[in-house]
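This report describes one protein chain, beginning with confidence and continuing with a sheet and the nonpolar cores. The sequence and structure are shown below.

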Amino acid sequence: MNRTPRIRTVVSCTLLVVTLAAGATACGEPEGHPLSLRPHDAAGLVSFNGPAEDEEADPDKPLEVTVKDDDAKITDVTAVDTQGRHLAGELDADGTRWHSTTPLAAGTRYTVKVSTENGDGAPGSRTYAFGTVSAKKFLKVTFGPQAGTYGVGQPLTAELSAPVTGRAARATVERGLQVRSAPAVTGSWHWVDAKTLHYRPQEYWPAGASIDVRSNLKGIKVTDALHGAAAKPLKLTTGDRIEAVTDASDHTMTVLRNGEVINTLLVTTGKPGFETRNGVKVVLAKEQFVRMRGESIGIAAGSSESYDLPVYWATRVTWSGEYVHAAPWSTGSQGNANVSHGCTGMSTADAEWFFETVREGDIVKVVGSDGEMMTPFDNGFGDWNLAWDAWLKGSALHGGGTTDTGNGVQAARLRPQV
């Protein structure tokens, strides 16, 4: 008759042990054990070199926390600013000193939390809060393109308000310019020149991707004279993967959507002396009507090569005037001869279809031409003509990052050619 209560008592105790084991040391630690105590105020155990109350810290001066009691030690230090950025630091092996290893951000506030143990192993904690002096000169960043939906070949751009040279400073900039996409991609920034960076994935962006671009440079020291400023973030999406591949030797353009051929068009490209550039280009803009004149590309008025034509359904692929457009005057040559001054010409109906099918950032690739290769940066977006290992060499984080590989993102914008 006495067994039932005993069984219930055992079960009840077992449940109690299981419940408490996951939460604390109350069952396993005797009352008064150091690990069961609430952390005490460690103000008497540590010294902090931060600014006095109502003063601001010099961002270039390292933070330091040291113990004042030979029997105490520092177990952990975290320093976080108002942007949620953690300040890097090192704790000596014996726990007697912690110091920051990177400059503080300017014009922000920090919270420093110090955890300690005294000679008896009892935990202690101390929190310090302070602000930093504002910077005098700022580095501003402007992202491009504008928010919207683009083709999978669209590079990202970052324009800086002041030149940045030297690998260390450029690496700081790159670390602060964050690109996130869903689906995720492998990508990198590339320094076009001292004030311009481009970002592209190793391969084209996935179709239907969401891309988020933002700067984490606010208050960060870039050079002795420059600290980062706040920047407006950018969000993009990509549409279908549209690729137009022109074979200049075969006089055809094959258009693919997500890898499947959706149209094959008869075209004419640049004739001898005006050969169309080979390589990958990216749609820059669409203009329903453009007036094209030979003088704009250096052809003398009245010469045998002179022209002055109204052109419709013009899709721009270089800043120097290369378009995919309607060329009703050359329909007899489309599909069998190259007679243009560098543009890709086609029938009016085909040009309108192409114009309505593509968007900025879509891929236009030319093969089989006797023309030169599309340059990477000075005539539009030729970024994809650099192999991935060459692209990484333009990054201060992945390569050298100090050799500019172009003459700027937009050279002189010449008038159209036909």
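The protein chain has a mean pLDDT (the predictor's confidence in each residue, from 0 to 100) of 87, and 83% of its residues reach 70 or more. This is a predicted model, in which local features need pLDDT of at least 70 and side-chain atom pairs count only at pLDDT 80 or more, while totals for chains, interfaces and linings use all residues. Residues are numbered from 1 along each chain as its sequence is written, and side-chain values use heavy atoms, with hydrogens and water left out.

Two stretches have low confidence; contact means heavy atoms within 4.5 Å.

| Residues | pLDDT | Contacts in the model |
|---|---|---|
| 1–30 | below 50 | four, beyond near neighbours in sequence |
| 405–415 | under 50 | 35, beyond four places in sequence |

An open sheet of four strands follows the order E11-E13-E16-E15, with antiparallel pairing. Strands are DSSP runs (E, at least two residues), as are helices (H or I, at least four), numbered from the N terminus; two strands pair if DSSP finds at least two bridges between them. At the edges are E11 (141–144) and E15 (187–193), each pairing on one side only. E11 is joined to E13 (residues 156–160) by four bridges, and Thr142 has Glu159 in E13 as its bridge partner.

The largest nonpolar core (buried Ala, Val, Leu, Ile, Met, Phe, Trp, Tyr and Cys residues joined through side-chain atoms within 4.5 Å; buried means under 20% relative accessible area, with a 1.4 Å probe and protein chains only) has 36 residues, and Leu177 and Trp189 have the most contacts inside it. Beyond four places in sequence, Leu177 is in contact with residues including Val141, Phe143, Ala158 and Trp189. Another core, of 21 residues, lies apart from the largest one and includes Phe48 and Val67.

Conventions: Buried means under 20% relative accessible area, exposed over 50%, partly exposed in between (1.4 Å probe, protein chains only).
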